[in-house]
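Me: Please take a close look at one part of this model, the pocket, and describe its lining. After that, I would like to hear about the rings and the backbone in the rest of the chain.

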Amino acid sequence: NLTDHVFRMDIEAPAVAERAQPGHYVDIRVNPDHSALTLPVVDCDRNLGTVSVVHRAQDLPSVQFSMLVEGDEVFEVRGPLGAPCTFPDVGKVVLAAEDLGVASLFCRARTFRERGAYTICVLGFENKSEVFWEDVLGAVSDELYVCTRAGSYGVNGGIAIPMRAVCETYGDVERVVVMASLAQMRKAAKIAAEYDI
């Protein structure tokens, strides 16, 4: 468990792990009676043959999934699905996400940093009790900002506030990647446009 309701699961699926890349997702069916949970791949270990997903326990399939323990099996894992991310050569990149989208930043931030980009991560949550992976993202970021919409931790407000401050501070941000609500993504796109990003 990462918070009271958010959990990480590592699933042994060597065929999926061998081909999974940032941006891919998997369909997981805990048992044959329930519809699939469609979840982004947040990490993979090709040596162990595992893919990692992060999810919120909010309905019957996801609650059942969260209750599995080491050694339990799921009915089906399909993937990797979707298209992988592209990682152009950039000097400075801002990666911002809200809530569960934060988990998907990890492999992106790590890849950008491995490619030599100066990587700035902005994490947004509702309140302090929902914050997770601050240390994990901090380890693959050159700068990290956490904000809460309730103002209980870090920057008070949404992810657009630190994003604008970063773009204002650095005149050489070349790329912005955002995973958030539609309203926040629109704000982020407007900010990026203002700075010709």
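**The pocket, and then the rings**

Reply: Happy to! The largest pocket holds about 340 Å³ of space (a volume being the space filled by probe spheres set on grid points joined across faces, edges and corners). Here a pocket is an open set of points on a 1 Å grid over the protein atoms alone where a 1.4 Å probe fits, with protein on both sides within 12 Å along at least five of seven lines, and lining residues have an atom within 4 Å of a point. Please bear in mind that this is a predicted model, in which local features need pLDDT of at least 70 and side-chain atom pairs count only at pLDDT 80 or more, while totals for chains, interfaces and linings use all residues. Residues are numbered from 1 along each chain as its sequence is written, and side-chain values use heavy atoms, with hydrogens and water left out.

One stretch of the lining of the largest pocket is Met9, Asp10, Ile11 and Glu12. Thr50 lines the pocket too, and so does the run Leu68, Val69, Glu70, Gly71, Asp72, Glu73 and Val74. Strand E1 makes the biggest contribution to this lining, with 4 residues (strands are DSSP runs of E with at least two residues, helices runs of H or I with at least four, numbered from the N terminus). By type, the lining has 5 nonpolar, 2 polar and 5 charged residues; Asp, Glu, Lys and Arg count as charged, and Gly is among the polar ones.

Now to the rings. The structure holds 6 aromatic pairs (ring centres within 6.5 Å; planes under 30 degrees apart are stacked, over 60 edge-to-face and the rest tilted). In one of them, phenylalanine 7 and phenylalanine 65 have ring centres 5.5 Å apart and planes at 75°, so this pair is edge-to-face. Since phenylalanine 7 belongs to strand E1 (residues 6–12) and phenylalanine 65 to helix H2 (residues 60–66), the pair ties together parts that are 58 residues apart in sequence. Both phenylalanine 7 and phenylalanine 65 are buried (under 20% relative accessible area; exposed is over 50% and partly exposed in between, with a 1.4 Å probe and protein chains only).

Phenylalanine 106 and tryptophan 133 also form an edge-to-face pair, with centres 5.9 Å apart and planes at 65°. This pair links helix H3 (residues 101–114), home of phenylalanine 106, to the loop between strand E8 (118–125) and helix H4 (134–139), where tryptophan 133 lies, so parts 27 residues apart in sequence are tied together. Phenylalanine 106 is buried at 11% relative accessible area, and tryptophan 133 is buried at 9%. Ring pairs join Phe106 and Trp133 with Phe125 and Phe132 in a cluster.

Tryptophan 133 deserves a second look for its backbone: phi is positive, about 60°, although the residue is not a glycine. Glutamate 130 shares the loop between E8 and H4, and counts as buried at 18% relative accessibility. Setting aside neighbours within four places in sequence, glutamate 130 contacts Thr3, Arg56 and Phe125 (heavy atoms within 4.5 Å).

Two more backbone details are worth a visit. Glycine 79 and proline 80 are joined by a cis peptide bond with omega of about 0°, and proline 80 is in strand E6 (residues 76–81). Aspartate 196, which is not a glycine either, has a positive phi of about 55°. Aspartate 196 comes in the segment after helix H6 (182–194), and counts as exposed at 75% relative accessibility.
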